[in-house]
Amino acid sequence: MTDRKMYSQKYKDDAVELVISSGRPIAQVAPDIGVNEGTLGTWVRKYREDHPDRFLTEEKAAVPWEEHQKALAENAKLKQEIEFLGKVSAFFAAKQR
């Protein structure tokens, strides 16, 4: 005979619903309900596979090319400013010694 616990489907469904509805991680819910993390993770994964429509998310719209290029240019400018400020602060730190 094995020491494996047998859980009813209702118990499994309730445990999965607790994980999904609470937004808490499996690792946090599992000890609270007395189930191994791996076991609960398997139940959640199977539920997600069996009910993919519940987890569909809207696709994000693509960013227009001009906006993307503008963001890249701003990012490059900010990197230059950071580099310059680092050099300035090093200069003044060395000068104070």
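Which residues does phenylalanine 55 touch, not counting residues up to four places away in sequence? The legends below take up this question first and then turn to the aromatic rings and the helix contacts of this predicted model.

**View 1. Phenylalanine 55 in the loop between H3 and helix H4 (65-95).** With residues up to four places away in sequence not counted, phenylalanine 55 touches Ile20, Tyr47 and Arg48. The relative accessible area of phenylalanine 55 is 25%, so the residue is classed as partly exposed. Two of these partners recur in a later view, since Ile20 of H1 and Tyr47 of H3 are also listed where those two helices meet.

**View 2. The aromatic cluster formed by Tyr7, Tyr11 and Trp43.** A search of the whole structure returns 4 aromatic pairs. In one that is stacked, tyrosine 7 and tyrosine 11 stand 5.2 Å centre to centre, with 15° between the planes. Tyrosine 11 also pairs with tryptophan 43, and here the ring centres are 6.4 Å apart while the planes lie at 90°, so this pair is edge-to-face. The edge-to-face pair links distant parts of the chain, given that tyrosine 11 belongs to helix H1 (residues 9-22) and tryptophan 43 to helix H3 (residues 37-50), 32 residues apart. Relative accessibility is 25% for tyrosine 7, which therefore counts as partly exposed, and 30% for tyrosine 11, which also counts as partly exposed. For tryptophan 43 the value is 11%, and because the limit for buried is under 20%, tryptophan 43 counts as buried.

**View 3. The surroundings of tyrosine 11 in helix H1.** When neighbours within four places in sequence are left aside, tyrosine 11 is in contact with Ile33, Val35 and Trp43. Along the chain, tyrosine 11 and isoleucine 33 are 22 residues apart, and their C-alpha atoms are separated by 10 Å.

**View 4. The packing of H1 against helix H2 (residues 26-33).** The two helices pack at an angle of about 140°, and their axes are 10 Å apart. H1 and H2 are therefore oblique to each other, and H1 passes H2 in a right-handed crossing. On the H1 side the contact is made by Tyr11, Ala15, Leu18, Val19 and Ser22, and on the H2 side by Ile26, Val29 and Ile33. By residue class, the contact of H1 with H2 holds 7 nonpolar residues and 1 polar residue, with no charged residue.

**View 5. The packing of H1 against H3.** Here the angle between the helices is about 85°, with the axes 9 Å apart. Because angles of 65 to 115 degrees count as roughly perpendicular, H1 and H3 are described as roughly perpendicular to each other. From H1, the residues Tyr11, Lys12, Ala15, Val16, Val19 and Ile20 meet Leu40, Trp43, Val44 and Tyr47 of H3. The contact of H1 with H3 divides into 9 nonpolar residues, no polar residue and 1 charged residue. Tyr11 and Trp43, both listed in this contact, are also members of the aromatic cluster shown in View 2.

Definitions and conventions. Residues are numbered from 1 along each chain as its sequence is written. This is a predicted model: local features need pLDDT of at least 70, side-chain atom pairs count only at pLDDT 80 or more; totals for chains, interfaces and linings use all residues. Side-chain values use heavy atoms; hydrogens and water are left out. Rings of Phe, Tyr and Trp (its six-membered ring) pair if their centres lie within 6.5 Å; planes under 30 degrees apart count as stacked, over 60 as edge-to-face and the rest as tilted. Buried means under 20% relative accessible area, exposed over 50%, partly exposed in between (1.4 Å probe, protein chains only). Helices (H or I, at least four residues) and strands (E, at least two) are DSSP runs, numbered from the N terminus. Axes are lines fitted to C-alpha atoms, for helices over the stretch in contact, and angles run from 0 to 180 degrees between N-to-C directions. Angles under 35 degrees count as roughly parallel, over 145 as roughly antiparallel, 65 to 115 as roughly perpendicular and the rest as oblique. A crossing is left-handed if the near helix is turned anticlockwise from the far one by less than a right angle, and right-handed if clockwise. Contact means heavy atoms within 4.5 Å. Ala, Val, Leu, Ile, Met, Phe, Trp, Tyr, Cys and Pro count as nonpolar, Asp, Glu, Lys and Arg as charged, and the others, Gly among them, as polar.
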